[in-house]
Amino acid sequence: MASVNPLDVAAAQGTIGLHLLVEEVDKLVSLPDIYYRLEELIVDPNSTTDSIADLLRSDPDLCARMLRMANSAFYSFPTRIESIERAVSTIGLRQIRELVLVTAVIQAFEGIPSAKVNMASFWEHSVAVAIMSREIGQSAGIPGAQHYYIPGLLHDLGRLVMYLKLPGLMIELLEKRDTSGIAMEQLEHEILSYSHADIGGCLLEFWKLPQSIWEPVAMHHNPANSGEFMLTAGAIHIADAWVNANHSGSSGSRFDLEIDPEALELVGVDMEAVEKAARVAAEQTQAVVRQFMGH
Ligand SMILES: [Fe+2]
Ligand SMILES: [Fe+2]
């Protein structure tokens, strides 16, 4: 292998464990303190809307991005949200926490050299899956499905980790994918003995995010073996397979992933509902990606 990156070499030899890789990533990319301070304020019975708004205002860049996101097609709040105070008082703490999380994760991975990965394409894939997962969950009438877009958005975060920490291996795997036609996930397993799904799930757990986020990320290629959050993993799996098959952006999986019929049954949707969700995603994805990428 041409790369001299020691992690790449270890990965190619199958000697880099999942947890070691995630710890390496955490040295480089982590969630900002403000996310954890916000978590503390949310559970503190003495905190007020003002104290939460004050905390958020201490990071003007984050505030600007949050407001842009809050006013994007992703949320469709009934009125325009002009200020952080207004956001905190009108959209609810869970949504605020999710907004901060999404904004912070995107910000955290912005430093990846663009030669290594097409970020616009990566986020296009992720946003399309996020919107579709939420629509699928909602059309199945699953309570809480409006929150599916968070794990949907982060489902392939492990791929960004791979582009960042194992760039040589990624080049090798992508070439192999193109010459052999074998699915990327399978190639990852063959070499690393784990996949990007395991990496993403492990990193999000390491960052102490809720299980409702890390479990479906870890299980999005294998929803039937998921635990408590099987329905979320199932909805993301369906959305991911559809988006890959229809080439709406890419995170590295080129060959069509088939929708597992078991996943349709598990989630309780038919192909008509999937296509309807896909239409919503197609309408909204480009505009949301522009908000994400900051232009
Ligand atoms: Fe994936
Ligand atoms: Fe994906």
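**Helix packing and burial in the predicted model**

Helices H5 and H7 lie roughly perpendicular to each other, since their axes cross at roughly 115° and angles of 65 to 115 degrees fall in that class. The structure described here is a predicted model. H5 spans residues 60–70 and H7 spans residues 93–108, and their axes come within 10 Å. The crossing of H5 and H7 is right-handed. On the H5 side, the contact is formed by Leu62, Arg65, Met66, Met69 and Ala70; on the H7 side, Leu99, Val100, Val102 and Thr103 take part. Seven nonpolar residues, one polar residue and one charged residue make up this contact.

A second helix pair is formed by H14 (residues 211–218) and H15 (residues 230–245), whose axes come within 8 Å and cross at roughly 50°. H14 and H15 are therefore oblique to each other. Their crossing is right-handed. Ser212, Glu215 and Pro216 of H14 are in contact with Thr232, Ala233 and Ile236 of H15. Three of the residues in this contact are nonpolar, two are polar and one is charged.

H14 is largely enclosed by the rest of the structure, because six of its eight residues are buried. The buried residues of H14 are Ile213, Trp214, Glu215, Pro216, Val217 and Ala218. Glu215 and Pro216 thus appear both among the buried residues and in the contact with H15. The elements covering the buried part of H14 include H9 (149–154), H10 (157–165), H13 (196–206) and H15.

Two residues in loops next to H13 were examined for backbone conformation and exposure. Serine 193, in the loop between H12 (184–192) and H13, has a positive phi of about 70° although it is not a glycine. Serine 193 counts as exposed because it has 12 C-beta neighbours inside 10 Å, and the cut-off for exposure is 12 or fewer. Lysine 208 is located in the loop between H13 and H14. Lysine 208 is likewise not a glycine, yet its phi is positive, at about 65°. With 11 C-beta neighbours inside 10 Å, lysine 208 also counts as exposed.

The largest nonpolar core contains 88 residues, and Met132 and Ile136 have the most contacts inside it. Beyond residues up to four places away in sequence, Ile136 touches Ala235, Ile238, Ala239, Val267, Val269, Ala273, Val274 and Ala277. Of these partners, Ala235, Ile238 and Ala239 fall within the residue range of H15.

How values were computed
Residues are numbered from 1 along each chain as its sequence is written. Chains are lettered from A and ligands numbered from 1 in the order in which they are written. This is a predicted model: local features need pLDDT of at least 70, side-chain atom pairs count only at pLDDT 80 or more; totals for chains, interfaces and linings use all residues. Axes are lines fitted to C-alpha atoms, for helices over the stretch in contact, and angles run from 0 to 180 degrees between N-to-C directions. Helices (H or I, at least four residues) and strands (E, at least two) are DSSP runs, numbered from the N terminus. Angles under 35 degrees count as roughly parallel, over 145 as roughly antiparallel, 65 to 115 as roughly perpendicular and the rest as oblique. A crossing is left-handed if the near helix is turned anticlockwise from the far one by less than a right angle, and right-handed if clockwise. Two residues are in contact if their C-beta atoms, placed from the backbone, lie within 7 Å. Ala, Val, Leu, Ile, Met, Phe, Trp, Tyr, Cys and Pro count as nonpolar, Asp, Glu, Lys and Arg as charged, and the others, Gly among them, as polar. A nonpolar core is a set of buried Ala, Val, Leu, Ile, Met, Phe, Trp, Tyr and Cys residues joined through C-beta atoms within 7 Å. A residue is buried if 20 or more other C-beta atoms lie within 10 Å of its own, exposed if 12 or fewer, and partly exposed in between; C-beta atoms are placed from the backbone.
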